[in-house]
Amino acid sequence: MLYLQNIGAYFLMIVEMFRKPTKWSVMKQLILKDIDDLIIGSLGIVAFISFFVGGVVAIQTALNISNPLIPKSLVGFATRQSIILEFGPTFMSIIMAGKVGSFITSSIGTMRVTEQIDALEVMGINSLNYLVFPKFISLMLYPFVISISMFLGIVGGMIASVYGDFTTFEHYIEGIQLDFKPFHVIYAFIKTTVFAFVLATIPSFHGYYMKGGALEVGKASTTSFVWTSVVIIIINYLLTQMLLS
Amino acid sequence: MIEVKDLHKSFGDVEILKGISTSFEKGKTNLIIGQSGSGKTVFLKCLLGLFNYESGTISYEGKIFSNLDEDEKRNLRAEIGMVFQGSALFDSMTIAENVMFPLRMFTKQSKSEMEDRVNFVLKRVNLDDAHKKMPSEASGGMQKRVAIARAIVNNPKYLFCDEPNSGLDPRTSIVIDNLIQEITREYNITTVINSHDMNSVMEIGEKIVFLKDGYKEWEGSKKTIFKTDNKAVTNFVYSSNLFKKVRKMYLKENNN
């Protein structure tokens, strides 16, 4: 029953987020600040993880090819498919649920605990629009982060496989061009956009409606990470079923 | 003027406010006092519209709050200044930005006009050299003064303060009390203060509402509180020996 109540409250929060918009001159600054915090601030960790995981995917693929009849270009092909279809959009979104999601929950939760949200409400400001809407807009740039992740994952795979002597540069390039379907990239960006919405709203919900003190802010961040991950995995399955099967 | 009639508020099965009726007058410092758990904060949050209530009415200059639509409520709230117990300053903004915030949100003033107004109110609360500090760099007393500056920067009609003296030393408490009273008179606003600080009651309590277990037990002023024989009030207000002596002296002087 509590789950149903929370789901209802979540959708009401989304409706309320679009009502009584904050003055544009203020909103513009909030969006720029959130782009800096959520998007630019995530590029380093995204680049680091993508590069090395791309390398690991390439090495593991190469090590598992024992049959000489399988072309060497398969390493590039498999790395590209893994990175574009799953690693970039889904795995990276789970990591972002930990990094960005817990940041959103703890920052909004702390504002709740210290009565800053009450202060906004008393001033007659729609606090949901003021706090959540800029995060939603700035995370619409999330596909840009994932495109960097995909690029660096494939580059990481190339460097690991070429310098580790698992395949040649020519074979790797041939592999990443092999049987390329542009729709796979579109599918990845559709998923990423939906995940961006989830990343902006579920952590905000947990922060905004939390009750208690500093300890509860920590608990809310953990709960928010768990639920964001669960929803991303379920949506990933549903979208894959709808778009690829 | 704010009028409250027969206000009831519950959380689940527990009734917190049990039919409170009172009024808060313009140009006066109105105090709500009572023990912890008496319903003061819930009452204040109902007045501010932060809590919904089951029955009763709260009217601002004759306009019943619960009858207003969301936009009208937000417009009314723009006329309210609030000083929270923990100051509730925005962590990510400097002191000057915190004070400027209501102006940025609700006025079309130019940046220089807003800066002039911020300078004026910060000077009014004796903080004219703290513009660039972050709230975390300010002391408790300074934070309270910044909160007062933010509350009055937009010329509100109503000022609410939730325990403005909590966590402050006696000297700073008196400064804050006097500041609130001066501002109330200077701008002729309706001020409602939630407090259990007896110094504040004696200093600035032009109207006092005493709550006990969710009921309005007594109301009067700092003068009549000395003469009341209401046991709940005397037990609460004169629980310390110092205030017992003060009361004795007051009654002795007035009887002579």
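**Close-up 1. The largest nonpolar core of the predicted model draws on chains A and B.** This core comprises 122 residues, of which Leu199(A), Val99(B), Ala149(B) and Phe160(B) touch the most other members. Helix α4(A) supplies the largest share of the core, with 13 residues. Around Val99(B), the residues touched are Val118(B), Val121(B), Leu122(B), Val146(B), Ala149(B), Arg150(B) and Val153(B), leaving aside those up to four places away in sequence.

**Close-up 2. Helices α4 and α11 of chain A cross each other.** The axes of α4(A), residues 74-113, and α11(A), residues 214-244, come within 8 Å and cross at roughly 145°. The crossing is right-handed. On the α4(A) side, the contact includes Thr90(A), Ser93(A), Ile94(A), Ala97(A), Gly98(A) and Gly101(A). On the α11(A) side, the contributing residues include Ala214(A), Val217(A), Ala220(A), Ser221(A), Phe225(A) and Ile232(A). By residue class, the contact divides into 8 nonpolar and 14 polar residues, with no charged residue. Residues three or four places apart on an α-helix point the same way, because the helix has 3.6 residues a turn.

**Close-up 3. Helix α1 of chain B is mostly covered.** The helix spans residues 40-47, and 6 of its 8 residues are buried. The buried residues are Lys40(B), Val42(B), Phe43(B), Leu44(B), Cys46(B) and Leu47(B). Just after α1(B), Gly49(B) adopts a positive phi of about 80°.

**Close-up 4. Six strands of chain B form an open sheet with mixed pairing.** The strand order is β6-β7-β8-β3-β9-β10. The edges are formed by β6(B), residues 80-83, and β10(B), residues 215-220, each of which pairs on one side only. On average, neighbouring strands of this sheet are turned by 20° against each other, direction ignored. At one edge, β6(B) runs parallel to β7(B), residues 158-162, and 4 bridges join the two. Among the bridge partners in this pair are Gly81(B) and, in β7(B), Leu159(B). Strands of a sheet pair through backbone hydrogen bonds, either parallel or antiparallel.

**Close-up 5. Strands β1 and β2 of chain B form a hairpin.** Strand β1(B), residues 2-11, runs antiparallel to β2(B), residues 14-24, and 8 bridges join them. Glu3(B) has Ser23(B) of β2(B) as its bridge partner. The hairpin has 2 residues between its strands, and Gly12(B) takes a positive phi near 65°.

Methods
Residues are numbered from 1 along each chain as its sequence is written. Chains are lettered from A and ligands numbered from 1 in the order in which they are written. This is a predicted model: local features need pLDDT of at least 70, side-chain atom pairs count only at pLDDT 80 or more; totals for chains, interfaces and linings use all residues. Axes are lines fitted to C-alpha atoms, for helices over the stretch in contact, and angles run from 0 to 180 degrees between N-to-C directions. Helices (H or I, at least four residues) and strands (E, at least two) are DSSP runs, numbered from the N terminus. A crossing is left-handed if the near helix is turned anticlockwise from the far one by less than a right angle, and right-handed if clockwise. Two residues are in contact if their C-beta atoms, placed from the backbone, lie within 7 Å. Ala, Val, Leu, Ile, Met, Phe, Trp, Tyr, Cys and Pro count as nonpolar, Asp, Glu, Lys and Arg as charged, and the others, Gly among them, as polar. A residue is buried if 20 or more other C-beta atoms lie within 10 Å of its own, exposed if 12 or fewer, and partly exposed in between; C-beta atoms are placed from the backbone. A nonpolar core is a set of buried Ala, Val, Leu, Ile, Met, Phe, Trp, Tyr and Cys residues joined through C-beta atoms within 7 Å. Two strands pair if DSSP finds at least two bridges between them.
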